[in-house]
Amino acid sequence: MTTTSLVGSRHGRAAKAGSRGASRSRRARRANLAGYAFLTPWLIGLTVFTIGPLLASLVLSFTDYSLIGKFGFVGWSNYVKMLTADSRYLTSLRVTFVYVLVSVPLQLVFALLLAMLLNRPMRGVGWYRAAYYLPSLLGSSVAVAVMWRQVFGRGGVVNSILGAITGIETLPNWVQQPSTSLLTLILLRAWQFGAPMVIFLAGLKQIPREYYEAAQVDGASKARQFFSITIPMLSPVLFFNIVMQVIGAFQAFLPAYIVSGGSGGPADSTLFYTLYIYQTGFSYFHMGYASALAWTLLVMIAGATGLLFWTSRYWVHYQD
Amino acid sequence: MTLLKGPAESRPALPATKAPNRVRRQIRLGRVLLQVFLAGGLFVMLYPLLWMLASSVKPENEIFGSASLWPEEFVLTNYPEGWVAGQSSFSLYLRNSAVIAILAVIGNVVSCTLAAFAFARLKFRFRGGWFAIMLLTMMVPYHVVVVPQYIVFRTLGWIDTILPLVVPKFFAVDGFFVFLMVQFIRGLPRDLDEAAEIDGCGPFRVFVRIVLPLTTPAMVTTAIFTFMWTWDDFFGQLIYLNDFTNFTVPLGLAALQASTYGSQWGKLMAMSVISLIPTTAFFLLAQRRLIEGISTTGIRG
Amino acid sequence: MTKYKSKLVRSILVAAVALSTAAGMGACSSDDNKASDGATTTDAATDTTGTDATTAQADNSGDSGGEAVELQMAWWGDSETNNKMISLLGTFSEKNPGITVIGQGADWDSYFSKLSTQVAGGTAPDVQQHYPSTIQEYFSRGALADLNSFSNLDLSGIDQNLLDSLTIDGSLVGVPMTIMTHAFMYLPDVLAEAGVDAPAASWTWDDFAQFCKDVTAGLGKTNVYGCADGSANDAALQVYLHGIGKDLVTADGQLAFDEADFVTWLQFWADLRDAGAITPPDVAGYDSSSTETDPMIQGVSASSWRYSGDLQGWQPAAPSEIQMVPYPGVVADKAGWLISGDLLSIYSGTKYPEEAAAVVNFFINDTAVPAVVTGRMPAKEVMQEALRAQGNADASKMIDLIGLVSDNAGPVPPLSPAGWSEVSNLLGVVAQEVAYGSSTPEAAAARFFAEAPAMLQG
């Protein structure tokens, strides 16, 4: 499912290699060897550090493992409970989907816009980049959580500005209103667009300048250049950013954890899926159930990623 | 630095033949607007830093009581007191964090580039399958693999050392960066390595001579993110490091967090400001490579 | 497991299980005494309390003979706490040659994530700090030793009601290093501004309601209120329930109040909220235990629902001096009881149980402790007086409040049963829904009583 584009490109090259008349099987064997040689570190890492814990969590999702003490197998009952008898699970699904669907496009638009603006030689561009990257450097530290709550608090800077514009005296604490608390976390993610911005910058750097020069000679407009040079040439990186931001947004944990003090509040309005997993596993001692939640999330993310890979056939242009 | 001649400089030459004055004025206006826009955005971006800076020099009860950025009363003691507040001083935390972050950067850049080259350019059996597995490893929420992973590292005898935080990076366990590099390498024109192959270069020489130099921007990106994310990784450091002499910056900051039994917001803010300096410095140094990194046109031309 | 057709899948699963579970995941004892346990870890959960702990001790007590002993001890707290604890451990080693105690400190928010990972991974610290509302989660799953079995623990002088509340099926799960009680904190300066008298040391919920209205009206400000909303605070609810002869939950995990009680409680607060006498939900600070979201610290409330042990942390951040009285009661004088602040417990899998008990004994009895741990209230009265002698104003306030409450206090409620953390969270969520207007007291109580029982059994 996730490999369609890779398979497609492989065929093209195989045909080329064959036409050259070299002994195909020997070449293939050597290529095989080279491939696995380069892959060795990754394969060791997968075997030793990654795959065991991953499969262990899958096995645990069929148990009543409590984190402490012994456990027994319970069949599918964790999965059944999730679908039939858990109102907070449904809440967390709704919160997470809204977050993914709104924050990812918002963040990527900011990132691409700023990357293009900061990709030109200009006095002090390094400082601008650093400044725009700064919110992301702050990460999800306690200081950011505190600051965010202050900014959107009753007497915060947001209300000072809104108050001056609208003349309304008592504006709410936006973080502590169930109707707006998720919005403030979406804005937090949009504001921390530094990571995709840097990736876009690196991607823009890879586009050969001659393409733009040629387009200018042809008299192509800026918009035309953007859609027929920048976007296609940037598409592998754009695709990467979309896929990774979708995966990242589905797994978003820290923003809600720190801003709500771990509760997902007020009134469960920021109960992200992974925050619910964390609560279930570490605060409520149902690690078996938490594992089932996690693997259900994995299926959802894999579905979304698979869909993106499928669309990528139509708009992502690789050089190979 | 000849490479810096970008579209911005070469552009005016062309339309000048058509409608010189109007276009030139538009361009100048555009640049001014751009500067205004960027500078305006700066305030939104820098507000948190200003807030942190202000809070770090305010007395405890003024941090949350007043919305003003300007302190009514300056308290400068938060910096020296925060520095030595913990069991060890912040210089030790900074050193421990730096060791972990630098080793992680080296590990990630080396191992992820190797794996990405295999996925992007080499042809081998089950490549698609391995690639799908790599993507899948990124999709499992971290918290359900914490305990099994902890048991693996305990079995290896690595608890209370930096090894669990560093060694896996040398084995490309961060799928994010492998995928990132794959996308970059696949964006590179293939004719270069094909030409090299015809000249008799094996995969290793193609990797070293052609692909490696061209992936500098991706490697710089990997280095920036690895440094920052390792620097900020609280949970891993919390679980694997016990002894106070192994404490890192995030653990030192957490110890300054106001708990039920204490209130040291000023010191927390002061040390948060300090902890930003290494990451910002690393970014400033590394991002220069994002400007210079584009020597590809030279080769290609 | 027989459902899997592919041999490959099965062998991967087997490998995964072997790697992770057999390595110690399903067990609670340390790796040394668990070689034989490994085979049975995947059995259905069995009750291992008490007996398991004592056998572990018997197996291991021989290990320590003669050689230098190194113990691990974990606590929560900030850097100041860390420094004090480390210096106390140094004192302990001087007095107990041959025993070295390595300290591990984590902040409150992450302490239990780390501890549960360590317990699951078989590297749990020998001496652990615990909290009354979660200690059962650990004890009921066999992670903690019975402290009654140690002859070198001197518990004399600790309130017997408190010790009884910490005894489960005859096993003492932890001993209180410090104690506290419910504290209604208020700012005298703000009350003076409002022209309202300070609440009496014994007062009722009706007095409280009047107090909120008077302060809010007396201040006459748009954004400052007399009291913080306590509807989502299970400690306040528990004090109320005690007044009507009920409780939140029984020791064996049954809810000990009914839907009508909960409706009454939520309605009480809803009325105050409608009257504008308490903080509106967006500034009520439901979610955090830190000073920074507390409405009193933020300057939007004249008072706050806290514990006496918070005073040390709250005072420096507060706009003015803080005073404390007990929570209101249904009948005046019948509110509040002693609460264990920091419990010390011993890991059931420790190699050195006797030495671990010596550490616990040191922290509850050694006179060096109160001189160093200023912010917390030692459990023993002699130790409290040692602390008062230091002339710390906050400490005196805490001692006075505890004295006031313990004079009237009856039995201490039993420890929260396993599963309570999730119920407590649900209680907060439904109460908040009423506060934000997305639910009614009746609907909220109905939801709570529909979902909570399953959590307590789970």
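pLDDT is the predictor's confidence in each residue, on a scale from 0 to 100. I start from it because the model is predicted and, where pLDDT is low, the predicted coordinates should not be read in detail.

**Entry 1: confidence along chain B**

I looked up the elements of chain B by mean pLDDT and found helix α1 (residues 7-10) of chain B at the bottom with 37, while α7(B) has the highest mean, 96. Over the whole of chain B the average is 83, and 85% of the residues score at least 70. Two stretches of chain B fall below 50: residues 1-18, which make 19 contacts in the model beyond near neighbours in sequence, and residues 293-301, for which I noted 14 such contacts. I leave the details of those stretches alone, because coordinates at low pLDDT should not be read in detail.

**Entry 2: the make-up of chain B**

I listed 15 helices and 0 strands for chain B. Of its 301 residues, 50% are buried. When I took the contacts in chain B between residues at least 6 apart in sequence, 73% of them turned out to join residues at least 24 apart.

**Entry 3: two positive phi values in chain B**

I next checked two residues that are not glycine and yet have a positive phi: B:F126, with phi near 65 degrees, and B:A172, with about 50 degrees. B:F126 sits in the loop between α4 and α5 (127-137) of chain B, and B:A172 sits in the loop between α7 (163-166) and α8 (175-186) of chain B.

Is B:A172 buried or exposed? I counted 29 other C-beta atoms within 10 Å of B:A172, so this residue is buried. For B:F126 the count is 13 other C-beta atoms within 10 Å, which means that B:F126 is partly exposed.

**Entry 4: the contact of chains A and B**

I then turned to the contact between chain A and chain B, to which chain A gives 85 residues and chain B gives 89. Helix α2 (residues 24-60) of chain A supplies the largest share of the chain A side, 18 residues. Sorting that side of chain A by class, I noted 55 nonpolar, 22 polar and 8 charged residues.

**Entry 5: the largest nonpolar core**

The largest nonpolar core holds 314 residues, and among those with the most contacts inside it I noted A:M197, B:M181 and C:V360. Helix α4 (residues 90-121) of chain B gives the most to this core, with 14 residues. I followed C:V360 further and, leaving out residues up to four places away in sequence, found that it touches C:V127, C:L153, C:V175, C:L344 and C:I346.

**Entry 6: strand β3 of chain C**

C:V127, one of the residues that C:V360 touches, led me to strand β3 (residues 127-130) of chain C, where C:V127 and C:Q129 on one side are buried, as are C:Q128 and C:H130 on the other, so that both faces of the strand are covered. Strand β1 (residues 69-76) of chain C runs parallel to β3(C) and is joined to it by 2 bridges, with C:V127 as the bridge partner of C:M73. Strand β9 (residues 338-346) of chain C runs antiparallel to β3(C), with 4 bridges between them, and here C:Q129 stands opposite C:L344.

**Entry 7: the domains of chain C**

The domain assignment of chain C gives domain 1 as 49-178 + 340-399 and domain 2 as 181-338 + 413-457. I took the separation of the two centres over C-alpha atoms as 30 Å. The contact between these domains takes 21 residues from domain 1 of chain C and 15 from domain 2 of chain C. On the domain 1 side, the elements that give two or more residues are α5 (135-139), α6 (160-165) and α16 (393-408) of chain C. I divided the residues of that side into 7 nonpolar, 9 polar and 5 charged.

**Entry 8: C:D247**

Last, I looked at C:D247, which lies in the loop between α9 (234-243) and α10 (259-274) of chain C. With 15 other C-beta atoms within 10 Å, C:D247 is partly exposed. Apart from neighbours within four places in sequence, I found C:D247 in contact with C:Q238, C:L241, C:H242, C:A256, C:F257 and C:P413. I also noted C:P414, which is 167 residues from C:D247 along the chain, with the two C-alpha atoms separated by 9.6 Å.

Definitions and conventions
Residues numbered from 1 in each chain as written. Chains lettered and ligands numbered in written order. Predicted model: local features only at pLDDT ≥ 70, side-chain atom pairs only at ≥ 80, totals over all residues. Contact = placed C-beta atoms within 7 Å. Nonpolar A, V, L, I, M, F, W, Y, C, P; charged D, E, K, R; others polar. Buried ≥ 20, exposed ≤ 12 C-beta atoms within 10 Å, placed from the backbone. Pairing = 2+ DSSP bridges. Domains from an automatic or database assignment. Core = buried A, V, L, I, M, F, W, Y, C linked by C-beta atoms within 7 Å.
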